[in-house]
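Biologist: I would like a close look at one part of this model, with the charged side chains taken in some detail. Please set that part in the context of the whole chain as you go.

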Amino acid sequence: MANKAIKYRVYPTTEQSIMFAKTFGCCRKVYNLMLSDKIEEYKLTGKFPTVTPAKYKDEYPYLREVDSLALANKQMDLQEAFRNRFNKSRKKNNRFPKFKSAKHSRKAYTTNNQKGTVAIIDNKYIKLPKIGKVKAVIHRIPDSSWIIKSATVSQESDGKFYISVLFKFDNIVNPYIADKTNAIGLDYASDGLYVDNNGNVGTNHKYYRESHKKLAKAQRRLSRMQGSKKREDKSNNYIKQLRKVNKIHRHIANQRLDNLHKISTEIANQYDVVCVESLNMRSMANHGFGNGKATLDNGYGMFLSMLKYKLFDRNKYFVKVDKWFPSSLICHCCGTLHPEMKDLAIRTMKCDCGLIISRDKNAAINILNEGLRLLTEVA
């Protein structure tokens, strides 16, 4: 069995929007109450107790108004957070669970499907517990054999609502046999997303920079309104302007996502093997490199995630080369090591064998060759 989620845009009524907001708030409230009780009990006994949302429904009656499965899933989230923190077999850098802020936490909740409580109706509506039928744009109709497992309701910063429906279906193996000679190597480029082994650049768009002037103007107006200072009551004009700022941010993110989806789909359809470098994008975005804004504007990490699952669906290969592989330092023709290429200001490699080539194209060729070698070893 396999799982796949499809995210739909929904248009709730005013009453449904209010119910969504209540559910978001109740989920945050229950999470914080359970975390607080765990901490207090640990101070007394040295052990973290097991707590459930039902414990708080008498003291806080409004918790009964919302979907109980949404609250139960928050209990599961808290348990998972504790397992991630204290399980030694998992990552060591996971921190202790934090309280959820009303201002900064994501507005979302998940409910499970129990005997048809979550359903897609007439390809126009999505049915939810305690909410009823919500008008939706069903841009992708699931197969009749797919079974709905759960639905996650979320609200973005610009006020729009979405429902991500998780389906379970039989994992039928794709019969396509990939051609390992039909391969491409991609080297990350802060200016252009990537450069492939043929010298082609991924994209010329920098969506954040393209909207920077408009965004800066909107933020400047926001900073002059009542509510911009700490502990200051927010005026209606401040809230209206804040929505405008959030709408610009959302537009930039949507532009980036649309572009990355188009590029990744084109590559996944055209090539059977894609070789990339496993880079630490968070480290590359720090102040030391001096190109953090360009790195974050590219969305290279999202691009690799898209490539990975799209190639997997097509029964093709996605190969990651180790980040310490000196792809930019090796001449792909003779194998000579060029330590001077550690200087990022040098954009052209000149080798004693007579090769003169762009550093990015040379690195992409090396990544391709190394990726094919790794693929041969695995096979």
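My starting point is Arg64: is this residue buried, partly exposed or exposed, and what is its relative accessible area?

Modeller: Arg64 is partly exposed, because its relative accessible area is 47%. Please keep in mind throughout that this is a predicted model. The side chain of Arg64 meets that of Asp58 in a salt bridge, with 2.6 Å from N to O, and Asp58, for its part, counts as exposed at 64% relative accessibility.

A further salt bridge joins Lys55 to Asp37, where the closest N and O atoms are 3.1 Å apart. Since Lys55 sits in the loop between α1 (14–45) and α2 (68–86) while Asp37 belongs to helix α1, this pair ties together parts that are 18 residues apart in sequence. Asp37 counts as partly exposed, its relative accessibility being 23%, and the cut-off that matters here is that a residue is called buried under 20%.

Helix α1 also holds a salt bridge within itself, for Lys43 and Glu40 both lie in that helix, three residues apart, which is about one turn of the helix. The closest N and O atoms of Lys43 and Glu40 are 3.9 Å apart, and the pair counts as a salt bridge because the limit for such a contact is 4 Å. Lys43 is exposed at 60% relative accessibility, whereas Glu40 is partly exposed, with a relative accessible area of 42%.

To set these pairs in context, a search of the whole structure finds 14 salt bridges, and elsewhere Lys7, Glu156 and Arg250 are linked in a network of such bridges. The chain itself has nine helices and 13 strands, and its C-alpha atoms fill a box of roughly 80 × 55 × 50 Å, taken along the principal axes. Of the 379 residues in the chain, 40% are buried.

Side chains of opposite charge can pair when their charged atoms come close. Asp196, in strand β9 (residues 193–196), offers a contrast to the pairs described above, for this residue is buried yet has no salt bridge, and the nearest side chain of opposite charge, that of Lys361, is 7.6 Å away. The side chain of Asp196 does have polar partners in the backbone, since it reaches the backbone nitrogen of Asn198 at 2.9 Å, and a polar atom of the same side chain lies 2.8 Å from the backbone nitrogen of Asn200.

Asn366 may be read alongside Asp196, as a buried residue with a relative accessible area of 5%. Asn366 lies in helix α9 (residues 359–378), and its side chain reaches the backbone oxygen of Ile330 at 2.7 Å.

On the surface, finally, Lys217, Arg220, Arg221, Arg224, Lys240, Arg243 and Lys244 form a positive patch. Two helices, α4 (212–223) and α5 (236–270), each supply at least two residues of this patch, while Arg224 is found in the loop between α4 and α5. Arg224 counts as exposed, because its relative accessibility is 66%.

Terms used: Residues numbered from 1 in each chain as written. Predicted model: local features only at pLDDT ≥ 70, side-chain atom pairs only at ≥ 80, totals over all residues. Heavy atoms only, no water. Patch = residues over 30% accessible without salt bridge, like charges linked within 9 Å, V, L, I, M, F, W, Y side chains within 5 Å. Areas by Shrake-Rupley, 256 points an atom, 1.4 Å probe, with all protein chains shown as cover. Lys, Arg positive; Asp, Glu negative; His and termini not counted. Charge placed at Lys NZ, Arg CZ, Asp CG, Glu CD. Helix = DSSP H or I, 4+ residues; strand = E, 2+ residues; numbered from the N terminus. Buried < 20%, exposed > 50% of the residue type's maximum accessible area, 1.4 Å probe, protein only. Polar contact = N/O pair within 3.5 Å; in protein donor to acceptor, adjacent residues only side chain to side chain.
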